[in-house]
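Colleague: I am new to this structure and would like to go through it by question and answer. Please show it, and then we can begin.

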Amino acid sequence: MFIVRKFSDLIQAFLYALVFLTRLPVAGLLRRVDNETVERSIYFYPLVGVVIGLLLSAAAYLLAPLGIQLQASILLGFWVILTGALHLDGLADCTDAYFAGHKCAAPEERRNRILTVMHDPHCGSVAVVALVVFLLIKFAAIATLLTTQPDAIENWIYLPLVLSPMLARAAALSLMSISDYARVEGFVPPSGSKRRWELLPVVVIVMAIAFAAAPIAIVVGMAIALPVLILCWRHLWEKTIGGYTGDCLGGLVEIIELTVLILWVALASI
(Lines give C-alpha, C1' and ligand atoms only; values in the text may rest on other atoms or scores of the structure.)
Protein backbone atom coordinates (compact mmCIF):
# COMPACT_ATOMS: atom_id res chain seq x y z
CA MET A 1 0.00 0.00 0.00
CA PHE A 2 2.86 2.36 0.81
CA ILE A 3 4.39 1.88 -2.66
CA VAL A 4 1.02 2.34 -4.33
CA ARG A 5 0.41 5.54 -2.36
CA LYS A 6 3.82 6.93 -3.24
CA PHE A 7 3.32 6.10 -6.90
CA SER A 8 -0.08 7.82 -6.79
CA ASP A 9 1.54 10.90 -5.25
CA LEU A 10 4.09 11.03 -8.07
CA ILE A 11 1.36 10.68 -10.69
CA GLN A 12 -0.55 13.56 -9.10
CA ALA A 13 2.59 15.72 -9.12
CA PHE A 14 3.19 14.92 -12.79
CA LEU A 15 -0.42 15.76 -13.65
CA TYR A 16 -0.10 19.06 -11.80
CA ALA A 17 3.03 19.87 -13.80
CA LEU A 18 1.12 19.10 -17.01
CA VAL A 19 -1.77 21.35 -15.95
CA PHE A 20 0.59 24.16 -14.98
CA LEU A 21 2.83 24.07 -18.06
CA THR A 22 0.45 22.97 -20.83
CA ARG A 23 -3.13 23.25 -21.97
CA LEU A 24 -3.65 19.49 -22.12
CA PRO A 25 -7.08 18.55 -20.70
CA VAL A 26 -5.84 16.55 -17.72
CA ALA A 27 -7.04 18.76 -14.86
CA GLY A 28 -9.98 16.42 -14.24
CA LEU A 29 -7.53 13.67 -13.29
CA LEU A 30 -6.16 15.65 -10.35
CA ARG A 31 -7.52 14.28 -7.10
CA ARG A 32 -5.78 16.70 -4.78
CA VAL A 33 -3.54 19.75 -4.98
CA ASP A 34 -1.62 20.41 -1.78
CA ASN A 35 1.74 22.00 -1.05
CA GLU A 36 3.50 18.67 -1.29
CA THR A 37 2.06 18.02 -4.75
CA VAL A 38 3.13 21.48 -5.89
CA GLU A 39 6.63 20.97 -4.50
CA ARG A 40 7.03 17.62 -6.22
CA SER A 41 5.63 18.82 -9.54
CA ILE A 42 8.72 20.86 -10.40
CA TYR A 43 10.82 17.70 -10.70
CA PHE A 44 8.58 16.63 -13.58
CA TYR A 45 9.04 19.78 -15.68
CA PRO A 46 11.57 18.12 -18.04
CA LEU A 47 9.22 15.15 -18.43
CA VAL A 48 6.47 17.58 -19.41
CA GLY A 49 8.91 18.83 -22.04
CA VAL A 50 9.22 15.27 -23.35
CA VAL A 51 5.42 15.01 -23.60
CA ILE A 52 5.32 18.28 -25.52
CA GLY A 53 8.10 17.06 -27.81
CA LEU A 54 6.38 13.76 -28.53
CA LEU A 55 3.14 15.55 -29.41
CA LEU A 56 5.07 17.91 -31.68
CA SER A 57 6.76 14.96 -33.35
CA ALA A 58 3.42 13.25 -33.94
CA ALA A 59 2.02 16.47 -35.38
CA ALA A 60 5.06 16.90 -37.64
CA TYR A 61 4.61 13.37 -38.96
CA LEU A 62 0.89 13.86 -39.66
CA LEU A 63 1.46 17.25 -41.30
CA ALA A 64 4.23 16.02 -43.62
CA PRO A 65 2.02 15.87 -46.77
CA LEU A 66 1.28 19.60 -46.53
CA GLY A 67 4.74 20.80 -47.57
CA ILE A 68 7.51 22.36 -45.53
CA GLN A 69 6.25 25.94 -45.14
CA LEU A 70 2.68 25.07 -44.20
CA GLN A 71 3.85 22.18 -42.04
CA ALA A 72 6.26 24.41 -40.12
CA SER A 73 3.72 27.20 -39.61
CA ILE A 74 1.02 24.86 -38.30
CA LEU A 75 3.56 23.08 -36.11
CA LEU A 76 4.66 26.39 -34.60
CA GLY A 77 1.04 27.36 -33.97
CA PHE A 78 0.41 23.99 -32.32
CA TRP A 79 3.50 24.51 -30.14
CA VAL A 80 2.14 27.86 -28.95
CA ILE A 81 -1.35 26.49 -28.30
CA LEU A 82 0.00 23.43 -26.51
CA THR A 83 1.79 25.59 -23.95
CA GLY A 84 -0.86 28.31 -23.87
CA ALA A 85 1.82 30.83 -24.86
CA LEU A 86 2.86 30.68 -21.20
CA HIS A 87 6.58 31.02 -21.88
CA LEU A 88 6.13 33.48 -24.72
CA ASP A 89 4.27 35.69 -22.26
CA GLY A 90 7.28 35.48 -19.95
CA LEU A 91 9.64 36.41 -22.77
CA ALA A 92 7.44 39.37 -23.71
CA ASP A 93 7.21 40.58 -20.11
CA CYS A 94 10.98 40.28 -19.65
CA THR A 95 11.60 42.30 -22.82
CA ASP A 96 9.12 44.99 -21.85
CA ALA A 97 10.40 45.20 -18.30
CA TYR A 98 14.08 45.35 -19.16
CA PHE A 99 13.68 48.16 -21.68
CA ALA A 100 11.36 50.02 -19.31
CA GLY A 101 13.82 49.92 -16.45
CA HIS A 102 17.31 49.80 -17.91
CA LYS A 103 17.61 53.61 -18.08
CA CYS A 104 16.71 54.15 -14.42
CA ALA A 105 19.78 55.49 -12.64
CA ALA A 106 19.18 54.18 -9.12
CA PRO A 107 19.35 50.39 -8.71
CA GLU A 108 16.32 50.23 -6.42
CA GLU A 109 14.29 52.42 -8.78
CA ARG A 110 15.30 50.17 -11.69
CA ARG A 111 14.36 47.04 -9.76
CA ASN A 112 10.94 48.38 -8.77
CA ARG A 113 10.26 49.61 -12.30
CA ILE A 114 11.16 46.26 -13.85
CA LEU A 115 9.07 44.26 -11.37
CA THR A 116 6.12 46.60 -11.88
CA VAL A 117 6.23 46.26 -15.66
CA MET A 118 6.63 42.49 -15.41
CA HIS A 119 3.49 42.35 -13.31
CA ASP A 120 1.54 44.51 -15.77
CA PRO A 121 -0.66 42.29 -18.02
CA HIS A 122 -0.44 44.76 -20.92
CA CYS A 123 2.05 44.19 -23.74
CA GLY A 124 4.19 47.06 -25.02
CA SER A 125 5.48 47.66 -28.52
CA VAL A 126 8.97 46.40 -27.65
CA ALA A 127 7.52 43.09 -26.49
CA VAL A 128 5.40 42.74 -29.63
CA VAL A 129 8.41 43.31 -31.89
CA ALA A 130 10.50 40.87 -29.85
CA LEU A 131 7.82 38.16 -30.12
CA VAL A 132 7.40 38.65 -33.86
CA VAL A 133 11.16 38.39 -34.48
CA PHE A 134 11.48 35.44 -32.11
CA LEU A 135 8.63 33.50 -33.73
CA LEU A 136 9.96 34.21 -37.22
CA ILE A 137 13.34 32.76 -36.25
CA LYS A 138 11.68 29.76 -34.61
CA PHE A 139 9.56 29.17 -37.71
CA ALA A 140 12.67 29.31 -39.90
CA ALA A 141 14.49 26.85 -37.62
CA ILE A 142 11.56 24.40 -37.69
CA ALA A 143 11.23 24.71 -41.46
CA THR A 144 14.94 24.04 -41.93
CA LEU A 145 14.76 20.98 -39.68
CA LEU A 146 11.82 19.64 -41.65
CA THR A 147 13.79 19.79 -44.89
CA THR A 148 16.27 17.20 -43.62
CA GLN A 149 15.71 13.59 -44.58
CA PRO A 150 15.12 11.27 -41.59
CA ASP A 151 17.44 8.56 -42.93
CA ALA A 152 19.87 8.64 -40.01
CA ILE A 153 19.84 9.61 -36.37
CA GLU A 154 21.85 12.75 -37.13
CA ASN A 155 19.10 13.94 -39.48
CA TRP A 156 16.09 12.62 -37.61
CA ILE A 157 13.94 15.74 -37.25
CA TYR A 158 11.87 14.40 -34.38
CA LEU A 159 14.80 14.19 -31.97
CA PRO A 160 15.38 17.98 -31.68
CA LEU A 161 11.62 18.49 -31.38
CA VAL A 162 11.72 16.30 -28.27
CA LEU A 163 15.02 17.46 -26.81
CA SER A 164 14.45 21.20 -27.14
CA PRO A 165 11.38 21.42 -24.83
CA MET A 166 12.93 18.88 -22.46
CA LEU A 167 16.22 20.77 -22.13
CA ALA A 168 14.47 24.12 -21.91
CA ARG A 169 12.49 23.06 -18.86
CA ALA A 170 15.60 21.56 -17.31
CA ALA A 171 17.23 24.96 -17.83
CA ALA A 172 14.39 26.53 -15.85
CA LEU A 173 15.18 24.14 -13.00
CA SER A 174 18.84 25.08 -13.17
CA LEU A 175 17.97 28.77 -12.86
CA MET A 176 15.78 28.04 -9.84
CA SER A 177 18.62 26.08 -8.26
CA ILE A 178 21.26 28.81 -8.58
CA SER A 179 19.13 31.95 -8.04
CA ASP A 180 16.71 33.33 -5.48
CA TYR A 181 13.16 34.32 -6.24
CA ALA A 182 13.11 38.10 -6.69
CA ARG A 183 9.63 38.92 -5.44
CA VAL A 184 8.54 38.85 -1.83
CA GLU A 185 5.03 38.05 -3.03
CA GLY A 186 3.71 35.91 -5.83
CA PHE A 187 3.75 32.20 -6.53
CA VAL A 188 6.04 30.12 -8.67
CA PRO A 189 6.06 26.39 -7.89
CA PRO A 190 7.74 25.57 -5.64
CA SER A 191 6.63 28.53 -3.59
CA GLY A 192 9.84 29.00 -1.60
CA SER A 193 12.12 31.92 -2.37
CA LYS A 194 15.45 30.23 -1.67
CA ARG A 195 17.70 28.43 -4.11
CA ARG A 196 16.77 24.83 -4.77
CA TRP A 197 20.12 23.07 -5.00
CA GLU A 198 18.39 19.69 -4.90
CA LEU A 199 17.14 20.34 -8.44
CA LEU A 200 20.62 20.15 -9.90
CA PRO A 201 20.74 16.30 -10.00
CA VAL A 202 17.57 16.37 -12.13
CA VAL A 203 19.24 18.84 -14.50
CA VAL A 204 22.34 16.64 -14.73
CA ILE A 205 20.26 13.54 -15.49
CA VAL A 206 18.29 15.33 -18.21
CA MET A 207 21.46 16.71 -19.77
CA ALA A 208 23.05 13.26 -19.73
CA ILE A 209 20.04 11.74 -21.50
CA ALA A 210 20.04 14.49 -24.11
CA PHE A 211 23.78 14.22 -24.70
CA ALA A 212 23.54 10.44 -25.06
CA ALA A 213 20.84 10.80 -27.72
CA ALA A 214 22.28 13.66 -29.77
CA PRO A 215 25.11 13.55 -32.35
CA ILE A 216 28.54 14.46 -30.97
CA ALA A 217 28.83 17.81 -32.77
CA ILE A 218 25.52 18.96 -31.32
CA VAL A 219 26.46 17.65 -27.88
CA VAL A 220 29.59 19.81 -27.93
CA GLY A 221 27.58 22.83 -29.08
CA MET A 222 24.94 22.37 -26.39
CA ALA A 223 27.53 21.71 -23.69
CA ILE A 224 29.07 25.10 -24.46
CA ALA A 225 26.07 27.23 -25.42
CA LEU A 226 23.40 26.19 -22.92
CA PRO A 227 25.37 26.79 -19.68
CA VAL A 228 26.62 30.12 -21.05
CA LEU A 229 23.08 31.24 -21.88
CA ILE A 230 21.73 30.17 -18.50
CA LEU A 231 24.52 31.95 -16.61
CA CYS A 232 24.18 35.11 -18.73
CA TRP A 233 20.40 35.13 -18.20
CA ARG A 234 20.94 34.64 -14.48
CA HIS A 235 23.52 37.44 -14.34
CA LEU A 236 21.19 39.84 -16.18
CA TRP A 237 18.34 39.42 -13.71
CA GLU A 238 20.51 39.10 -10.61
CA LYS A 239 22.02 42.43 -11.54
CA THR A 240 18.71 44.18 -12.22
CA ILE A 241 16.17 42.65 -9.80
CA GLY A 242 18.23 40.43 -7.51
CA GLY A 243 16.92 37.09 -8.73
CA TYR A 244 14.35 35.54 -11.03
CA THR A 245 10.59 35.68 -11.48
CA GLY A 246 8.17 33.40 -13.25
CA ASP A 247 8.56 35.57 -16.34
CA CYS A 248 12.33 35.04 -16.24
CA LEU A 249 11.79 31.29 -16.19
CA GLY A 250 9.39 31.49 -19.13
CA GLY A 251 11.75 33.66 -21.12
CA LEU A 252 14.62 31.25 -20.50
CA VAL A 253 12.51 28.30 -21.64
CA GLU A 254 11.82 30.00 -24.97
CA ILE A 255 15.46 31.02 -25.45
CA ILE A 256 16.78 27.51 -24.76
CA GLU A 257 14.18 25.89 -27.03
CA LEU A 258 15.20 28.12 -29.91
CA THR A 259 18.91 27.68 -29.18
CA VAL A 260 18.67 23.89 -29.36
CA LEU A 261 16.84 24.10 -32.69
CA ILE A 262 19.42 26.51 -34.11
CA LEU A 263 22.31 24.37 -32.89
CA TRP A 264 20.74 21.36 -34.53
CA VAL A 265 20.37 23.18 -37.84
CA ALA A 266 23.90 24.53 -37.68
CA LEU A 267 25.76 21.43 -36.47
CA ALA A 268 23.81 18.32 -37.56
CA SER A 269 25.70 18.08 -40.86
CA ILE A 270 29.17 18.28 -39.29
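Colleague: Is Q71 buried or exposed?
Modeller: Keep in mind that this is a predicted model. Residues under 20% relative accessible area count as buried. Q71 has a relative accessibility of 4%, so Q71 is buried.

Colleague: Which residues does Q71 contact, apart from its neighbours within four places in sequence?
Modeller: Q71 is a residue of helix α4. With the neighbours within four places left aside, the contacts of Q71 are A60, L63, A64 and L146.

Colleague: How many cavities of 30 Å³ or more does the structure hold, and what is the volume of the largest cavity?
Modeller: At a threshold of 30 Å³ or more, the structure has one cavity. The volume of the largest cavity is about 40 Å³.

Colleague: Which element gives the most residues to the lining of the largest cavity?
Modeller: The lining is made up of L76, W79, V80, T83, L88, L135, K138 and E254. Two elements, α4 (68–83) and α7, give two or more residues to this lining. Four residues come from the element that gives the most, which is α4.

Colleague: How many charged residues are in the lining of the largest cavity?
Modeller: Asp, Glu, Lys and Arg are the residues that count as charged. The lining divides into five nonpolar residues and one polar residue, and the number of charged residues is two.

Colleague: Where does A85 lie, and is A85 buried or partly exposed?
Modeller: A85 sits in the loop between α4 and α5. Its phi is positive, at about 55°, although A85 is not a glycine. Buried would need under 20% and exposed over 50%. The relative accessible area of A85 is 25%, so A85 is partly exposed.

Colleague: What span should α7 have, and how far apart are its end C-alpha atoms?
Modeller: α7 has 22 residues, and at 1.5 Å a residue α7 should span 32 Å. This agrees with the model, because the end C-alpha atoms of α7 are apart by 32 Å.

Colleague: Which elements cover the buried residues of α7?
Modeller: The buried residues of α7 are A127, L131, F134, K138, A141, I142, A143, L145 and L146. What covers them includes α3 (45–63), α4, α5, α8 and α11.

Colleague: Which residues does L131 touch, not counting those up to four places away in sequence?
Modeller: L131 belongs to helix α7, residues 125–146. Its C-alpha atom is separated by 7.8 Å from that of L91, and the two residues are 40 residues apart along the chain. Not counting residues up to four places away, L131 touches L88, L91 and A92.

Colleague: Is G53 buried or exposed, and which residues is G53 in contact with beyond four places in sequence?
Modeller: G53 is in helix α3. At 0% relative accessibility, G53 counts as buried. Neighbours within four places aside, the contacts of G53 are L161, V162 and P165.

Colleague: What is the separation between the C-alpha atoms of G53 and L29?
Modeller: G53 and L29 are 24 residues apart along the chain. The separation of their C-alpha atoms is 22 Å.

Colleague: Where is the kink in α10 centred?
Modeller: α10 covers residues 216–241, and its 26 residues should span 38 Å at 1.5 Å a residue. The end C-alpha atoms of α10 are 37 Å apart, which agrees. The kink is of about 25°, and its centre is M222.

Colleague: Which elements do the buried residues of α10 pack against?
Modeller: Among the buried residues of α10 are A217, M222, L226, I230, W233 and W237. The buried residues of α10 pack against α5 (86–101), α6 (107–119), α8 (158–178), α9 (200–213) and α11 (246–267).

Colleague: Which residue just after α10 takes a positive phi?
Modeller: The phi in question is about 80°. The residue is G242.

Colleague: Which element gives the most to the lining of the second largest pocket?
Modeller: The second largest pocket holds about 170 Å³ of space. Of its 13 lining residues, S174, V203, L226, P227 and I230 are the closest to the centre. At least two lining residues each come from α8, α9 and α10. With five residues, the element that gives the most is α8.

Colleague: How many nonpolar residues does the lining of the second largest pocket have?
Modeller: The lining has no charged residues and one polar residue. The number of nonpolar residues is twelve.

Terms used: Residues are numbered from 1 along each chain as its sequence is written. This is a predicted model: local features need pLDDT of at least 70, side-chain atom pairs count only at pLDDT 80 or more; totals for chains, interfaces and linings use all residues. Side-chain values use heavy atoms; hydrogens and water are left out. The expected span of a helix is 1.5 Å times one less than its number of residues. The bend at a residue is the angle between axes fitted to the seven residues ending there and the seven starting there. Buried means under 20% relative accessible area, exposed over 50%, partly exposed in between (1.4 Å probe, protein chains only). Contact means heavy atoms within 4.5 Å. On a 1 Å grid over the protein atoms alone, a cavity is a set of points where a 1.4 Å probe fits but cannot get out, and a pocket is an open set with protein on both sides within 12 Å along at least five of seven lines; lining residues have an atom within 4 Å of a point. Grid points are joined across faces, edges and corners, and a volume is the space filled by probe spheres set on the points.
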